[in-house]
Amino acid sequence: MKISFLKSSPLLLAAAFAALSFSAPGDPWIVPEKNAKMPNPVKSSPASIADGKALWAKNCQSCHGKAGEGDGSKAAQLKTQPPNFTSADFQKQTDGALFYKTSEGRNDMPSFKKKLPDAEDIWNLVNYMRTFKK
């Protein structure tokens with residue numbers, strides 16, 4: 001039985017979307033432009049950084065390490081190596097991109113939008129991530 005292209009198109013489209021929803025380790029993490037351009041509404045301050053540091057110790061350190069170098073105690077158990085937040089490549093990302101990635105998650109990186117529903121907490125984490133420069 002021959003299936004016409006038009007009849008099989010929805011199946012092909014569904015298969016393509018399913019394949020794209022699973023990204024392989026090392027695939028670039030593309031952030032939607034509107035999210036990447038989102039400005040950080042929380043001014044980086046000692047209080048914001050202290051709040052971000054406390055959230056980091058509780059939620060991020062086990063995978064990303066105390067100093068953000070991707071060497072946390074759980075890092076070896078992951079399929080992908082957590083990034084080194086001290087690298088120039090990481091630090092050149094916009095605050096909006098870091099907020100999006102923290103909120104949404106991908107692969108081994110869990111979504112934190114339910115665990116940290118107050119957006120200010122995630123912005124404080126972003127401010128703290130900025131302290132990991134070498």
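These notebook entries record what I looked up in a predicted model.

**Entry 1. Aromatic pairs**

I searched the whole structure for aromatic pairs and found seven. I took the pair of Trp56 and Phe85 to begin with. I noted 5.5 Å between the ring centres and 65° between the planes; planes over 60 degrees apart count as edge-to-face, so I entered this pair as edge-to-face. I then looked up where the two residues sit. Trp56 belongs to helix α3, which covers residues 46-59, while Phe85 lies in the loop between α4 (61-64) and α5 (88-91). With 29 residues separating the partners, I recorded the pair as a link between distant parts of the chain.

**Entry 2. Burial of Trp56 and Phe85**

Are these two residues buried or exposed? For Trp56 I read a relative accessibility of 1%; buried means under 20%, so I entered Trp56 as buried. For Phe85 the relative accessible area is 4%, and I therefore entered Phe85 as buried by that cut-off.

**Entry 3. A further partner of Trp56**

I next examined Trp56 with Phe132. This aromatic pair is tilted, with 4.9 Å from centre to centre and 55° between the planes. Phe132 is in the segment after α7 (119-129), and 76 residues separate it from Trp56 in helix α3, which again joins distant parts of the chain. I found both Trp56 and Phe132 to be buried. I then asked which residues form one aromatic cluster with Trp56. I listed Phe85, Phe90, Tyr128 and Phe132 alongside Trp56.

**Entry 4. Surroundings of Asn40**

I turned to Asn40, which I located in the loop between α2 (33-36) and α3. Leaving out residues up to four places away in sequence, I recorded Asp95, Trp123, Val126 and Asn127 as the residues that Asn40 touches. What polar contacts does the side chain of Asn40 make? I noted one with the side chain of Asp95 at 3.3 Å, and one with the side chain of Asn127 at 2.9 Å.

**Entry 5. Helices α6 and α7**

I looked up how helix α6 (residues 95-104) lies against α7. Their axes come within 9 Å and cross at roughly 120°. An angle over 115 but not over 145 degrees falls outside the perpendicular and antiparallel ranges, so I entered α6 and α7 as oblique to each other. The crossing is right-handed. On the α6 side of the contact I listed Asp95, Gly96, Leu98, Phe99, Thr102 and Ser103. These meet Ala119, Ile122, Trp123, Leu125, Val126 and Met129 in α7. I marked Asp95, Trp123 and Val126 in this list, as Asn40 touches them too.

Technical notes. Residues are numbered from 1 along each chain as its sequence is written. This is a predicted model: local features need pLDDT of at least 70, side-chain atom pairs count only at pLDDT 80 or more; totals for chains, interfaces and linings use all residues. Side-chain values use heavy atoms; hydrogens and water are left out. Rings of Phe, Tyr and Trp (its six-membered ring) pair if their centres lie within 6.5 Å; planes under 30 degrees apart count as stacked, over 60 as edge-to-face and the rest as tilted. Helices (H or I, at least four residues) and strands (E, at least two) are DSSP runs, numbered from the N terminus. Buried means under 20% relative accessible area, exposed over 50%, partly exposed in between (1.4 Å probe, protein chains only). A polar contact is a pair of N or O atoms within 3.5 Å; within protein, one must be able to donate a hydrogen and the other to accept it, and residues adjacent in sequence count only if both atoms are side-chain atoms. Contact means heavy atoms within 4.5 Å. Axes are lines fitted to C-alpha atoms, for helices over the stretch in contact, and angles run from 0 to 180 degrees between N-to-C directions. Angles under 35 degrees count as roughly parallel, over 145 as roughly antiparallel, 65 to 115 as roughly perpendicular and the rest as oblique. A crossing is left-handed if the near helix is turned anticlockwise from the far one by less than a right angle, and right-handed if clockwise.
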